[in-house]
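Have a look at the fold below and get your bearings before reading on. We'll go from the overall picture down to individual side chains.

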Amino acid sequence: MKLNGALAGALLSFLADAGRVDAVRVRGTKTSAMDISSVGDLLEPMEPRQLQTADFGQLTCNAALADAVCTPLPADFAGVVPCGVCYSMSDFGGARAGETLTMASGLNVIGRLDFPDGSKVTIETPSVFVQGILSMSSTRAVTGEPDVRIRMTGDTNVNFTPEGENAGACSGGACNVGPKAFVVAGGQLDINGMPDSCPTWWL
């Protein structure tokens, strides 16, 4: 998982946009998972959940994914990016900029979903599963107003079913990852929200 400092904060910000965040948990070496639950008038605090019974690995059908040519997101996209396939959100930097996409059954990135520089879109979904690559890039100045928003919706538990050779990683075939789940299982986040010229300091 690759997150720069600014984007790590932005990631938690869009998760919090769904409600107050009670717990965020990142764990594992091959797998990282964030279990999000809202409290107060939305949900009771949830008990910690065991995501897997075995390690997740990279899917073999994604072996050439880094070099795959990305095609624009299909007009009838329902939330699943197939393994070995790359979809680009490039249209949301032009004619479709500012649209809101509702993915009622969740966003499941088995292949690659790329948000190139300039993409402006809001995604409403009860879950995000990353089994391939979810990449985002932005070089504009930070204004406090994000171009890409992911609003986590719903208050019911979500089941995650791994693909391919990871199918046996969840006992019974599926993992209960709770409500508003953002799960990275065998995949990676590649998010860069600052230009390469931005100065950094080491302490």
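What follows is a walk through the strands, the cores and the aromatic pairs.

A word on ground rules: this is a predicted model, where local features need pLDDT of at least 70, side-chain atom pairs count only at pLDDT 80 or more, and totals for chains, interfaces and linings use all residues. Residues are numbered from 1 along each chain as its sequence is written, and side-chain values use heavy atoms, with hydrogens and water left out.

Start with the big picture. The protein has one helix and 16 strands; these are DSSP runs numbered from the N terminus, with helices being H or I of at least four residues and strands E of at least two. Of its 203 residues, 43% count as buried, where buried means under 20% relative accessible area, exposed over 50%, and partly exposed in between (1.4 Å probe, protein chains only). About 10200 Å² of the protein is exposed, and carbon and sulfur atoms supply 53% of that; accessible areas come from the Shrake-Rupley method with a 1.4 Å probe, and for residues only the protein chains shown count as cover. Take contacts (heavy atoms within 4.5 Å) between residues at least 6 apart in sequence: 58% of them join residues at least 24 apart.

Now for the strands. Two of them pair if DSSP finds at least two bridges between them. Three strands, in the order β6-β9-β12, make an open sheet with parallel pairing. Its edges are β6 (99-102) and β12 (148-152), each of which pairs on one side only. From one strand to the next the twist averages 15 degrees, with axes taken as lines fitted to C-alpha atoms (for helices over the stretch in contact) and angles running from 0 to 180 degrees between N-to-C directions. Between β6 and β9 (residues 121-125) there are four bridges in the parallel sense.

L101 is a handy place to stop in strand β6. L101 stands opposite I123 in β9, and with a relative accessible area of 12%, L101 is buried. Leaving aside neighbours within four places in sequence, L101 is in contact with L73, M89, F92, R96, V121, T122, I123 and E124.

Next, find β8 (residues 112-115). What covers its two faces? R112 and D114 on one side and L113 and F115 on the other are all buried, so to speak, on both faces of this strand. Three bridges join β5 to β8, and the two run parallel; here L113 is the bridge partner of Y87. On to β11 (residues 133-137): four bridges join β8 to this strand, again in parallel, and L113 has L134 as its bridge partner there.

That brings us to the cores. A nonpolar core is a set of buried Ala, Val, Leu, Ile, Met, Phe, Trp, Tyr and Cys residues joined through side-chain atoms within 4.5 Å. The largest one has 25 residues, of which L73, M89, L113, F115 and L134 touch the most other members. β12 gives the most to this core, with three residues. Apart from the largest core lies another, of eleven residues, including F56, F160, C170 and C175.

Finally, the rings. Rings of Phe, Tyr and Trp (its six-membered ring) pair if their centres lie within 6.5 Å; planes under 30 degrees apart count as stacked, over 60 as edge-to-face and the rest as tilted. The whole structure holds three aromatic pairs. F56 and F160 have ring centres 6.1 Å apart and planes at 45 degrees, so their pair is tilted. F56 is in the loop between β2 (31-34) and β3 (71-72) and F160 is in strand β13 (residues 159-160), 104 residues apart. Both F56 and F160 are buried. F77 and Y87 make an edge-to-face pair, at 5.9 Å centre to centre with 90 degrees between the planes. Ring pairs also link F56, F129 and F160 into a cluster.
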